[in-house]
Amino acid sequence: MFNRKKKTISSSDSNFFNIPMIILSLISILFFSSIIYEMINQEEQDINKIVDLEKLMKKNSYEKKTGHRIQLEVLNGCGQKKIALMYKRFLREGGFDVLDAKNALSFDNPQTKILYHTQKREMAEYLSEILGVNDSLLFDQADFNLKFDITVVIGYDFNELSSYNKVSLYYPEY
């Protein structure tokens, strides 16, 4: 009924489609082999890398003298956003083991105070010197059940402390 002519594909048309396919195949093979090489190479680097924890953990002068790393918590007692986080970062950089940083039960603390829980006032005095807290604001609250030695309660006077200019550099960027 209908006479259709079958279109024959010439060899030049066939090459026209085959060449791009070959090039794309080669690019894909190179891409995947590069990914596999990087994965294998990365595993070898991770295995051979030895991390010296002593270099990562900075020691402050109190720890160098006594061998004890002061563990503490920082409480935001004034309501200023991110203040506990800033002091946590500052103190960690200074060689302290800051176990927690959170809001205090209330935000009505006019002055920053240091509560020491181990009856070792010298730890609190060392910290007060770094922060710029008056020694009259160090309080003995012995509680040997706590996992930290000291609690720092940041009060409304945070921006008057001698450490505040350095602490303000630790404000989170996000």
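Reader: Let's start at the end of H5: which residue follows H5, and what is the sign of its phi?

Author: Gly132 comes right after H5, and its phi is positive, near 90 degrees. Helices (H or I, at least four residues) and strands (E, at least two) are DSSP runs here, numbered from the N terminus. This is a predicted model, in which local features need pLDDT of at least 70 and side-chain atom pairs count only at pLDDT 80 or more, while totals for chains, interfaces and linings use all residues. Residues are numbered from 1 along each chain as its sequence is written, and side-chain values use heavy atoms, with hydrogens and water left out.

Reader: Which residues other than glycine have a positive phi?

Author: Most residues other than glycine have a negative phi. Here, Lys82 has a positive phi near 70 degrees, and Gln119 has one near 60 degrees. Lys82 sits in the loop between E1 and H4, Gln119 in the loop between E3 and H5.

Reader: Are Lys82 and Gln119 buried or exposed?

Author: Use these cut-offs: buried means under 20% relative accessible area, exposed over 50%, partly exposed in between (1.4 Å probe, protein chains only). Lys82, at 37%, is therefore partly exposed, and Gln119, at 52%, is exposed. Across the protein chain, 30% of the 174 residues count as buried.

Reader: How do I read the overall layout?

Author: Walk along the sequence and note each element. The protein chain has 6 helices and 5 strands, in the order α-α-α-β-α-β-β-α-β-β-α. Then look at contacts, meaning heavy atoms within 4.5 Å. Of those with a separation of 6 or more, 82% join residues 24 or more positions apart.

Reader: And the core? Which residues touch the most other members?

Author: In soluble globular proteins, nonpolar side chains tend to be buried together. A nonpolar core is a set of buried Ala, Val, Leu, Ile, Met, Phe, Trp, Tyr and Cys residues joined through side-chain atoms within 4.5 Å. The largest one has 29 residues, and Leu72, Tyr87, Leu91, Ile114, Leu127, Leu131 and Ile150 touch the most other members. At least two core residues come from each of strand E1 (71–76), helix H4 (83–93), strand E3 (113–116), helix H5 (121–131) and strand E5 (150–154). H4 gives the largest share, 6 residues.

Reader: What does H5 bury, and against what?

Author: An α-helix has 3.6 residues a turn, so residues three or four places apart point the same way. In H5, the buried residues are Met123, Ala124, Tyr126, Leu127, Ser128 and Leu131. They pack against H3, E1, H4, E3, strand E4 (138–140) and E5. Ile150 touches several residues, including Met123, Ala124 and Leu127.

Reader: Where does Phe158 sit, and is it buried or exposed?

Author: Phe158 lies in the loop between E5 and helix H6 (164–167). Its relative accessible area is 10%, so Phe158 is buried. Leaving out residues up to four places away in sequence, Phe158 touches Cys78, Gln80, Ile83, Tyr87, Thr112 and Tyr164. Its C-alpha atom is 7.6 Å from that of Gln111, 47 residues away along the chain.

Reader: What about a charged case: is Glu63 buried or exposed?

Author: Glu63, in helix H3 (residues 61–66), has 11% relative accessibility, so Glu63 counts as buried. Among residues over four places away in sequence, Glu63 touches Lys58, His68, Arg69 and Gly95.
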